[in-house]
Amino acid sequence: MPAKGTKGKNRKQELINATLDCIANEGLQKTTVRNVAEYANVTNGLIRFYFSGKDEMLRAAYSALLEIMYVNARVEINDQDVCAKTRLQHFIQATLSAPIVSPRTVLLWANFLPMTYIDPEMAAIRTNEYAKTTKILAPLISAALASDGITVDHHECEILAIKINALIDGLWLEGSMAAYKFKDNELVNIGIDSASAILSIKLDNI
């Protein structure tokens, strides 16, 4: 028997997934409560049971999209039995591979982006998720540098995290919109080589 509350959580997630599908297929303007209800094959009233309206529904969908990207980026990076450089390589590999690198992910991200400049709550979601990425990257970078006997202070480590994050963002866009340019693992290895240059250490290609 499902745990108490599980059914409600699953239903809410189904509605969020339907919202993302609607945005991907029809764009943000046509993502109304009625259209999402059709995608989810439920009544408008059920959506309003979980969300106060379209704005809250869109915020939940945006948060879910970024969380999916964040969760996939954490693959294998917390295993302390794996050396620091390898954990950093795994992070770069995860962020420059499917499902993070995909036309659908960029399409959804691009639909939401303008809202983050006009809706303070959407802006807060974006800021919080970006902070999570920096929080992951900074200690990974510090540990990877330390394994080569390089010590950096907190501020310098944050600057390096910003540089690596900017590198990944650029390659993510390139790989998602022009995947035909890259052979197997080529995008990942470009990221690893570029990160090696930024950090002045040698990270191994995948």
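**Two domains and where they meet**

Let's start with a handshake: the side chains of arginine 104 and aspartate 21 come together in a salt bridge, with 3.0 Å from N to O. Keep in mind that this is a predicted model. To place that pair, look at how the protein chain is split up: domain 1 covers 1-51, and domain 2 covers 61-199. Across the interface of these two domains, the rule picks out one salt bridge. As for polar contacts, two residue pairs between domain 1 and domain 2 are counted.

Now for the rest of that interface. On the domain 1 side, the residues touching domain 2 sort into five nonpolar, two polar and one charged. Eight residues of domain 1 are in contact with nine residues of domain 2. Put together, the two domains bury about 790 Å² between them, and carbon and sulfur atoms supply 74% of that. Which residues of domain 1 lose the most area to domain 2? They are Leu20, Ala24 and Leu28, which together make up 61% of what that side buries. If you step back, the C-alpha centres of the two domains sit 29 Å apart.

Finally, follow the chain along to alanine 195, which is part of helix α9 (residues 186-199). Is alanine 195 buried or exposed? Its relative accessible area is 1%, and the cut-off for buried is under 20%, so alanine 195 counts as buried. Setting aside neighbours within four places in sequence, alanine 195 is in contact with Ile92, Ile164, Leu167 and Leu203. Leucine 15, on the other hand, is 180 residues away along the chain from alanine 195, and their C-alpha atoms are separated by 38 Å.

Note on methods:
Residues numbered from 1 in each chain as written. Predicted model: local features only at pLDDT ≥ 70, side-chain atom pairs only at ≥ 80, totals over all residues. Heavy atoms only, no water. Domains from an automatic or database assignment. Contact = heavy atoms within 4.5 Å. Buried area = accessible area lost by both parts, 1.4 Å probe. Salt bridge = Lys/Arg side-chain N within 4 Å of Asp/Glu carboxyl O. Polar contact = N/O pair within 3.5 Å; in protein donor to acceptor, adjacent residues only side chain to side chain. Nonpolar A, V, L, I, M, F, W, Y, C, P; charged D, E, K, R; others polar. Helix = DSSP H or I, 4+ residues; strand = E, 2+ residues; numbered from the N terminus. Buried < 20%, exposed > 50% of the residue type's maximum accessible area, 1.4 Å probe, protein only.
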